[in-house]
Amino acid sequence: MISRILAAVAPEGAETPNPLLPADYDILWSSVVFVVLLVFFWFKVLPGFKKMLDERAQAIEGRLADAEAAQKAAEARTAEVEADKAQLRAESSSIREDARAEGAAILAELKQQAAKDAERLSESTKASLLAERDSAANALRGEIGALAIELASRIVGEKLDDDKVANRVVDEFIAELEGKKAK
Amino acid sequence: MLSALSLFRAEDGEFSPPSIFEFYPEIVAFAGTPFAINRIMMIRLIVMVLLIVIFWLWTAKFNKAVKTGNVVPGRFQLLGELALNFVRKSIAHDQLGEKDGDRFLPLLTTIFFMVFGMNITGVIPFANIAGTSVIGIPLVLAGVAYVTFIYAGTKKHGIRFFKNSLFPSGVPKPFYILVTPIELLSTFILRPVTLALRLLMNMIAGHLLLVLCFSATQFFFFQADGLLSLFGVGTLLFGFAFTLFEILVSVLQAYVFTLLTTVYIQLALADEH
């Protein structure tokens with residue numbers, strides 16, 4: 001009361017108000033402000049704040065777990081890949097071994113085949129040479145016989161009409177020759 | 001605005017120092033009723049609204065972060081977290097532990113930001129007076145702190161709280177003649193009184209100092225003759241320095257008020273006194 005009056009009247013000659021004695025409106029408005037702010041902080045701000053902090057802690061924990069799981073998965077994958085790689089390496093080396101062995105086998109077979117072929121070729125060559133020599137010898141035999149008879153008949157001066165005799169003589173001569181050659 | 005009274009007088013060419021009437025400005029509405037409003041009451045209501053607006057925005061940010069699952073706060077949100085965590089961690093949890101700290105956190109948070117908000121208006125241009133520089137707020141908050149620590153003590157220890165407070169254990173019986181009145185005085189009378197007066201007197205003194213500096217500056221610059229006006233430079237610098245000092249005092253008093261309330265609660269909850 002007193003302070004209100006004091007505030008209203010001019011300061012001159014007025015009693016000095018005591019700052020330790022509250023005016024009723026002072027207490028009222030202080031209380032109003034306090035109660036409003038208390039309710040506001042209690043039921044609006046702090047629950048939201050706490051919820052946010054909790055959510056954040058949870059989210060961070062969740063993310064850590066996720067990261068751990070991801071790490072584990074990555075490790076497992078790495079191990080898998082390593083195993084695959086080792087297996088592939090082993091496989092490829094075995095394939096290489098096989099190929100090498102197969103190559104060697106093929107080579108050997110080819111060599112054998114070639115040797116065989118060569119042998120066969122030389123056989124057939126030899127045979128054909130023999131046949132040719134034989135035929136050449138036969139041909140020569142006929143021709144040389146005729147030539148020799150002609151030569152002999154000329155030398156002898158008489159014509160040997162009897163072919164039979166002539167052939168026999170020639171054959172005998174050639175057989176003689178062959179016998180000489182064989183020796 | 002600093003002091004309409006002294007400025008008005010100064011225009012007559014005569015310097016008048018700030019007086020206690022600084023804190024009893026003209027009633028502008030509801031005069032004669034308990035709802036009377038003057039400048040300081042208006043400042044209190046404006047501060048209340050501003051606090052609600054700022055913390056509403058912060059709360060909206062927090063809620064949005066929860067909704068979107070965002071765990072990385074922006075700058076604005078981080079500022080709110082720092083402010084709220086200062087009371088939560090550095091004051092409540094440090095003194096009371098997490099469980100009891102969270103129990104009393106709404107009250108402690110309210111006290112801290114209310115006291116700070118009301119204090120800081122002392123240096124804010126156009127307000128220029130602290131909402132806590134009349135006894136209402138200091139008295140109400142000290143009363144709340146008083147009721148709260150007695151509630152905390154009796155809730156936990158029942159009637160033993162008063163016995164523990166007034167008859168501390170480990171003291172030889174005859175000494176109670178001396179100790180008990182001292183404990184009664186210090187715990188149940190001086191605690192709330194000092195809580196209220198420390199805040200009130202800091203704010204009153206701070207305001208008077210600032211008014212003195214700036215009204216003197218006004219006087220030296222515009223009323224004083226010749227070389228005397230050079231004193232105005234000095235008083236202006238002092239005014240600037242004290243403004244910075246008052247910002248510090250605003251934070252410090254809010255911290256001290258909240259911390260002491262917490263400590264009183266902590267002492268009431270402690271098993272031995």
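This passage describes the helices, the chain contact and the nonpolar cores of a predicted two-chain model. In this predicted model, local features need pLDDT of at least 70 and side-chain atom pairs count only at pLDDT 80 or more, while totals for chains, interfaces and linings use all residues. Residues are numbered from 1 along each chain as its sequence is written, and chains are lettered from A in the order in which they are written.

Chain A contains 3 helices and 0 strands (DSSP runs numbered from the N terminus, with helices being H or I of at least four residues and strands E of at least two). The order of its elements from the N terminus is α-α-α. Of the 183 residues in chain A, 11% are buried (20 or more other C-beta atoms within 10 Å of the residue's own, with C-beta atoms placed from the backbone).

Chain A is in contact with chain B through 38 residues of chain A and 44 residues of chain B (contact being C-beta atoms, placed from the backbone, within 7 Å). On the chain B side, helix 2, helix 3 and helix 4 (136-157) each give two or more residues. The most come from helix 2 of chain B, with 12 residues. This side divides into 34 nonpolar, 8 polar and 2 charged residues; Ala, Val, Leu, Ile, Met, Phe, Trp, Tyr, Cys and Pro count as nonpolar, Asp, Glu, Lys and Arg as charged, and the others, Gly among them, as polar.

Within chain B, the axes of helix 2 (residues 39-68) and helix 3 (residues 75-120) come within 9 Å and cross at roughly 75°. Axes here are lines fitted to C-alpha atoms, for helices over the stretch in contact, and angles run from 0 to 180 degrees between N-to-C directions. Helix 2 of chain B is therefore roughly perpendicular to helix 3 of chain B (65 to 115 degrees). Residues of this contact include Trp58(B) of helix 2 and Phe113(B) of helix 3.

The largest nonpolar core (buried Ala, Val, Leu, Ile, Met, Phe, Trp, Tyr and Cys residues joined through C-beta atoms within 7 Å) has 70 residues. Leu108(B), Val115(B) and Leu141(B) have the most contacts inside this core. Helix 3 of chain B gives the most to this core, with 17 residues. Not counting residues up to four places away in sequence, Val115(B) touches Thr132(B), Leu141(B), Leu199(B), Gln253(B), Ala254(B) and Phe257(B). A second, separate core of 7 residues includes Leu210(B) and Phe220(B).

Methods. Parallel < 35°, antiparallel > 145°, perpendicular 65-115°, else oblique. Buried ≥ 20, exposed ≤ 12 C-beta atoms within 10 Å, placed from the backbone.
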